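Biologist: I've got a fold here and I'd like to get my head around it. Can we walk through it together?

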Amino acid sequence: MSYDFDNMWLSVEWRGHQEPGTIQADCELILHYLMEHDGHKLLCDGSDARDGWDGIERWVGQQYFPRLAQAGVQAVAWINPTDLVSKAEILTIVRYATTPYVSVFDCGAQACDWLRQTHLAAYE
């Protein structure tokens, strides 16, 4: 996890096998870091993530993402895992999410371009 000061977003890399308990703990760290840096954009790189999201999709999409929005996050670019099971689980998370705006990508460069071009209503 690192803050990209040039682009003004938090970058998070999900790697390896995931566990629901560690996902929740990591999500809390992400939220804390975003609030600390007044972050409004989030880049989630899940390209190296493996299965383990099963059973936590609803929590992430319906409970955690709204908390991100309440903290000021307006846009999330998610780079899909190459692992097909994980990719399906991430797409389920996105279907549950109503806020903030989340878009998924198979290519990191496209995700970054989209996030750079996403204009935030309160900051235009």
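Below, the two of us go through the sheet, the helices and the core by question and answer.

Biologist: In what order do the strands of the open sheet sit?

Modeller: Keep in mind that this is a predicted model. The open sheet has five strands, and their pairing is mixed. Strands S1 (2-4) and S5 each pair on one side only, which puts them at the edges. Reading across, the order is S1-S2-S3-S4-S5.

Biologist: How do S1 and S2 run, and which residue of S2 is the bridge partner of Ser2?

Modeller: S1 and S2 are antiparallel, with three bridges joining them. For Ser2, the bridge partner in S2 is Ser11.

Biologist: What angle does H1 make with S2?

Modeller: H1 packs on the sheet, where it touches S1, S2 and S3. Comparing the direction of H1 with that of S2 gives about 165°.

Biologist: And helix H4, at what angle does it run to S4?

Modeller: H4 covers residues 108-117 and lies across S2, S3, S4 and S5. Its angle to S4 is about 175°.

Biologist: Why does the end-to-end distance of H2 agree with what a helix should span?

Modeller: H2 has 14 residues, and at 1.5 Å a residue it should span 20 Å. The expected span counts one less than the number of residues. The end C-alpha atoms come out in agreement with that, at 19 Å apart.

Biologist: Where in H2 is the kink?

Modeller: The kink is about 35° and comes shortly before a proline, Pro66. Pro66 is among the buried residues of H2, as are Trp59 and Phe65. The residue at the kink is also buried, and its name is Tyr64.

Biologist: What covers those buried residues of H2?

Modeller: Both helices and strands do the job. The cover includes H1, S3, S4, H3 and S5 (101-105).

Biologist: Which residues touch the most other members of the largest nonpolar core?

Modeller: In soluble globular proteins, nonpolar side chains tend to be buried together. Here the largest such core has 27 residues. Six elements each supply at least two of them: S2, H1, S3, H2, S4 and H3. The ones touching the most other members are Trp14, Leu42, Trp53, Tyr64 and Phe65.

Biologist: Which residues does Leu42 contact, leaving aside neighbours within four places in sequence?

Modeller: Leu42 is in contact with residues from several parts of the chain, including Ile30, Leu68 and Val76. The full list is Trp9, Leu10, Val12, Ile30, Leu34, Leu68, Ala75, Val76, Ala77 and Leu115.

Notes
Residues are numbered from 1 along each chain as its sequence is written. This is a predicted model: local features need pLDDT of at least 70, side-chain atom pairs count only at pLDDT 80 or more; totals for chains, interfaces and linings use all residues. Side-chain values use heavy atoms; hydrogens and water are left out. A nonpolar core is a set of buried Ala, Val, Leu, Ile, Met, Phe, Trp, Tyr and Cys residues joined through side-chain atoms within 4.5 Å. Buried means under 20% relative accessible area, exposed over 50%, partly exposed in between (1.4 Å probe, protein chains only). Helices (H or I, at least four residues) and strands (E, at least two) are DSSP runs, numbered from the N terminus. Contact means heavy atoms within 4.5 Å. The bend at a residue is the angle between axes fitted to the seven residues ending there and the seven starting there. Two strands pair if DSSP finds at least two bridges between them. Axes are lines fitted to C-alpha atoms, for helices over the stretch in contact, and angles run from 0 to 180 degrees between N-to-C directions.
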